[in-house]
Amino acid sequence: MGNVKNYQDLVAKVTMYLDNELSPEAERELLKEIKSNPEYFTVLSKERSFREFIKSKVHRKAVSPALIQSI
């Protein structure tokens with residue numbers, strides 16, 4: 001069960017890294033961990049790919065000017 005927690009922690013760190021929310025020290029530590037563990041690199045690659053997919057394939061609907069005006 002500890003492995004699941006470690007994996008969740010890793011995903012959380014990777015997410016923060018991709019969102020530029022890590023301190024410089026935490027970022028260096030994460031990159032060092034990723035270099036030393038191919039599985040960590042896989043998590044980073046998958047998360048990065050997923051974000052690129054979302055950006056390129058998911059289109060937002062345009063909001064009507066009337067709605068914008070009412071806000």
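**Notes on a four-helix model and its salt bridges**

1. A search of the whole structure turns up five salt bridges, a salt bridge being a side-chain nitrogen of Lys or Arg within 4 Å of a carboxyl oxygen of Asp or Glu. As a reminder of the background, side chains of opposite charge can pair when their charged atoms come close.

2. Before going further, a word on the ground rules. This is a predicted model, in which local features need pLDDT of at least 70 and side-chain atom pairs count only at pLDDT 80 or more, while totals for chains, interfaces and linings use all residues. Residues are numbered from 1 along each chain as its sequence is written, and side-chain values use heavy atoms, with hydrogens and water left out.

3. Now the fold. The protein contains four helices and zero strands, and its elements read α-α-α-α from the N terminus on. Helices (H or I, at least four residues) and strands (E, at least two) are DSSP runs, numbered from the N terminus.

4. How does the overall size compare with a compact globule of 71 residues? The protein has a radius of gyration of 17 Å, whereas such a globule would have one near 11 Å. That radius is taken over C-alpha atoms, and the globule rule is 2.2 Å times the number of residues to the power 0.38. The C-alpha trace spans about 55 × 25 × 25 Å along its principal axes.

5. On burial, 13% of the 71 residues count as buried. Here buried means under 20% relative accessible area, exposed means over 50%, and partly exposed is in between (1.4 Å probe, protein chains only). The accessible surface comes to about 6,200 Å², and 57% of it belongs to carbon and sulfur atoms; these areas come from the Shrake-Rupley method with a 1.4 Å probe, and for residues only the protein chains shown count as cover.

6. Contacts deserve a line too. Of those between residues at least 6 apart in sequence, 53% join residues at least 24 apart, with contact meaning heavy atoms within 4.5 Å.

7. Which parts of the chain does the pair Asp19 and Arg51 tie together? Their side chains meet in a salt bridge at 2.7 Å, N to O. Asp19 sits in the loop between α1 (2-18) and α2 (24-36) and Arg51 in helix α3 (residues 38-57), so the pair links parts that are 32 residues apart in sequence. Both ends are partly exposed: Asp19 has a relative accessible area of 35%, and Arg51 has 22%.

8. Arg51 has another partner in Glu47, with the closest N and O atoms 3.4 Å apart in that salt bridge. Glu47 and Arg51 both belong to helix α3, four residues apart, or about one turn of the helix. Glu47 counts as partly exposed at 21% relative accessibility.

9. Further along α3, the side chains of Lys55 and Glu52 form a salt bridge at 3.9 Å, N to O. These two are three residues apart in the helix, so about one helical turn separates them. Lys55 is exposed at 64%, while Glu52 is partly exposed at 45%. As for shared partners, salt bridges join Asp19, Glu47 and Arg51 into one network.

10. Taking all the charges together, the protein has 12 positive and 10 negative side chains, and the centres of the two sets lie 6 Å apart. Lys and Arg count as positive and Asp and Glu as negative, with His and the chain ends not counted; each charge is placed at NZ of Lys, CZ of Arg, CG of Asp or CD of Glu.

11. One backbone angle may catch your eye. Asn20 has a positive phi of about 55° although it is not a glycine. For context, most residues other than glycine have a negative phi. Asn20 is found in the loop between α1 and α2, and it counts as exposed at 70% relative accessibility.

12. Finally, a few C-alpha to C-alpha separations to check in your viewer. Asp9, in helix α1, is 37 Å from Val63, with their positions 54 residues apart in sequence. Glu39, which has its place in helix α3 and is exposed at 60%, lies 39 Å from Ala62, 23 residues apart along the chain. Ser23, in the loop between α1 and α2, is partly exposed at 34%; Ser23 and Ile68 are 45 residues apart in sequence and 37 Å apart in space.
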